[in-house]
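Trainee: I'm new to this one. Could you walk me through how to read it?

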Amino acid sequence: MIGKRSFLTIPVFLFFSITTKATNSEPPGSLNVPVVYYKLGNGLKVVLSQDKTAPTIALGIYYNIGFRIEPKNRTGFAHLFEHMMFQGSQNLGKMEFVKLIQKNGGVFNGSTRFDFTNYFEIMPAHKLETALWGEADRMKGLSITQENLTNQQGVVKNEVRVNVLNQPYGGFPWLDMPQYANENWYNAHNFYGDLADLDSAKLEDVNSFFKTYYAPNNAVLVLTGDFEEKDARKWIEQYFNAIPSSTLPQKPDISEPRQEKEKKFTKEDKLANKPAIAVAYKMPDKNTPEYFAMGLIDQMLLQGNDSRLYQSLVQEKGFTGNVGGGINYLGDMFDYNGPMVWMANLIYDNKVKPDSIVAEFDKAINFLENNVTQKNVDLAVIKMRSSIYDAIGGNFGIGKLNMLASFALFDDNPSKINDLENEFKKVTPELIRKTISEFLRSGNRTILIIDPKATK
Amino acid sequence: MKNITKYFLAISCILSGSLLFAQKQTPPEGGTPKDFLVPGKKTKALTNGLKTATVQYGDIPKVNISLIIKTGNVHEGPNETWLADLTGEMIKQGTKKDNFQALAQKVAAMGGDINVNVGPDQVVVSGAVLSEFAPDFIKVIADVIINPAFPANELQRLKDDLKRQLTYQKSVPQTQAQEKFAQAIYKGHPYGTLFPTEQMIDGYTLPMVKGFYDKNFGAKRSVIYVVGKFDEAAVNASIEKAFSKWKSGPDVFYPPVNPVTKLDTIIVDRKKAPQTTIILGLPSVVPQSKDYVPYLITNSVLGGSFGSRITSNIRENKGYTYSPRSVIQNRHNTSVWYEQADVTSDNTIAALHEIEKEINRLQHEAPSKEELQGFQNYEAGVFVLRNSSPAGIIGQLNFLDQNNLPDSYLADLVKNMHSVTPEQVSDIARKYLQYDKMTVVLVGDKESIGKQVTTKKGF
């Protein structure tokens, strides 16, 4: 949709919105996501997107607090805190939230990412009010005991062990690379947390973190699925409107300096038998023309069996059976809001020299820079459109919800979901070349190699 | 609904000095359930035996297409482990008409990729493309499966890839545990051998790959599923045209299987490991059994959901582990139940005791009606979700087909889940989930585990 945005600044207690709906003039095969957007008097952003495909609803609350800006002496705290949100609130004791969702036929989860922490439920459609009540209850306040905190410190430490410490290539490269590539502590610390930092978390930390960041004016509520707008608005107002807003702290400076020189690191892995490599380039700032160009460059170089790096690293050279990668390993190119890398990683055999792998990156990038055509761009746009549809249609409404939440939180404009394809269509071969020359420079890259040290 | 209203005492001591009673709120019940019907399918059969099932679903302009062939690792000989995988990789390399690169570009222009996945019982050739390309993508799938080029020059590279993958998988503690567990349960059967040796892979030749393909692939063993938004007539015409020339091939055949029920403890030493990977379980109820639906519910109560007894205990109460879960793993004509958890090394034996305790408790004491109802509602909700995406719908239809179950299985499942009684759950636990018949696999620091055994009784 061009020129039709459903964002309005609104006076307190009056809710306006424009609903965008698919019209008959849309070309066949296109998709238009309905978006209703408004804010409650306390600042809570609300996005409603009806979809009656299945008799279910997906409800998500996204708080504008990610692990990037967690307290400096408390690495891993944003994520530990996410666990605390399931440990008891004013009206629900431990495990009662979990049971409330499950016994009403729903599933739930939460996750901590670079720039937000989210909580979501997928419920049978007629349990919408129950889900709204549950989320509002824990937005009002928590009731955490030392026993519950200690329990979850144990759980989270076991999460780190199973995903990182007791795993070959554990943390590679998703947890490692930001620590090597970035300079600013906010982007470069251990997001999962040092075990000692996790252990030192106190109840007062939990309380102050909640007070600081878990306020309605620092959150968005997104509802997708089979509901009636009138009911949804009524219950959202009933359960959320009275929750007081808070004064939010100023966001720290999370910017990264321009990288001038290639960085190269080796990390020993006592559980791995084969070397692995990750190659990362700092991304253009979000929402710039170059950012959208990088989305298409990713499609050309890395996504799918037709991509240049798959063709060269897997099919031609046989260095590896699979090359993974993309923009934002903990989500996608839309659901973050700060410095990021575009990255690829692969496991290879001891006999292969890592330099010969990096040379294939250079070759593929140079080829694209010198030969990119409009036809290449068109193909990348088709692949991008298809992957956006997958994201929108994925996870029973949560995929769409995740996009709407990100665009509401970061851009104050959830209707952007319907503009994405156009943004990518604006990319020209010239812009691709320009983006490559600035962002896929060797000086803008960080290379991390896993040195395998397993004894057998 | 459980009345969770509780009272707590709040003392306002500064201003009024009086006692205030704050009443906890009860969550709203919600409205009345909407009807859910399993999305309708249209089925057909070609004269060569290929079956088709199509379902129009959703608003996203994409379509999921899967050709599922009833062969896989189950048809490998004793020294042919992963020959099926190698065959799948070779099929992916292109057709007599289009090599890998040409195929990849063709399918990318449709907004998709073509995947060939080899599993124990099935080989799946699949992809999701933009709706308008459904008929063209069907042609590609047909060409890939009917006319594979089997290029000799790709064989060594693909064998090297499999060896690299083998090395990686064998270094992962969870797959180490899975390997030992499968060996114990399915001794002497292809299901019992998850990994080849490097020497085995080295020995595979192009004639072996072609032989596996000729012997096991064909229309009679296959079903094509098309789910999403698509032009029905064009899709049907494309299937007819593209697949009618495929050979009928072999009949569906799965070798008989006799899973082993045996009390045993197998330890894989992983020195200084911070966690022990636990798998414990036994052969259990197959989907065709009248006990299967009560067994699904029993699993949900015991370990199959976040709110389950075992997870509540060893995660939310004890903090021993992050992701414990019990799993029903179905293979053709057989099924196992197991609980898997990665627990802090020091808590290995304690975790086993807690798991045993929860199994015994469920056997001796029926859950309350209210607790049971919670899990029945949960499983019914999950069932709706399983039928609410193109890939999920293919999964459900494939489950019916693979297990020879009638359509009424899905249509009646929610009703049948709700009719399970508390006593049935206890009965099922007693009949099928006996702890003293379970095979236990522990992948962890043997010394640490040994110390715990000597200091704690009852193991």
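Mentor: Let's go through confidence, then one helix, then the place where the chains meet. Keep in mind that this is a predicted model.

Trainee: What average pLDDT does chain A have?

Mentor: Chain A averages 92, and 93% of its residues score at least 70. Look at the start of the chain, though: over residues 1–28 of chain A, pLDDT stays under 50. The model has 48 contacts beyond four places in sequence for that stretch. Where pLDDT is low, the predicted coordinates should not be read in detail.

Trainee: Now the helix. Why does the span of helix H10 of chain A agree with its number of residues?

Mentor: Count 1.5 Å a residue: the 13 residues of H10 (289–301) of chain A should then span 18 Å, and the end C-alpha atoms are 18 Å apart, so the two agree.

Trainee: How many residues of H10(A) are buried?

Mentor: 12 of the 13, so to speak of H10(A) as mostly covered is fair. Among the buried ones are A:Tyr291, A:Phe292, A:Asp298 and A:Gln299.

Trainee: And how many residues of chain B are in contact with chain A?

Mentor: 78 residues of chain B, touching 79 of chain A. About 6,300 Å² is buried between these two chains, with carbon and sulfur atoms giving 56% of that area.

Trainee: How many salt bridges does the rule find across the interface of chain B and chain A?

Mentor: The rule finds 5. One salt bridge joins the side chains of B:Glu132 and A:Arg385, at 3.8 Å from N to O. There are also 35 residue pairs in polar contact across the interface of chain B and chain A.

Terms used. Residues are numbered from 1 along each chain as its sequence is written. Chains are lettered from A and ligands numbered from 1 in the order in which they are written. This is a predicted model: local features need pLDDT of at least 70, side-chain atom pairs count only at pLDDT 80 or more; totals for chains, interfaces and linings use all residues. Side-chain values use heavy atoms; hydrogens and water are left out. Helices (H or I, at least four residues) and strands (E, at least two) are DSSP runs, numbered from the N terminus. The expected span of a helix is 1.5 Å times one less than its number of residues. Buried means under 20% relative accessible area, exposed over 50%, partly exposed in between (1.4 Å probe, protein chains only). pLDDT is the predictor's confidence in each residue, from 0 to 100. Contact means heavy atoms within 4.5 Å. Buried area is the accessible area (1.4 Å probe) that two parts lose on being put together, summed over both. A salt bridge is a side-chain nitrogen of Lys or Arg within 4 Å of a carboxyl oxygen of Asp or Glu. A polar contact is a pair of N or O atoms within 3.5 Å; within protein, one must be able to donate a hydrogen and the other to accept it, and residues adjacent in sequence count only if both atoms are side-chain atoms.
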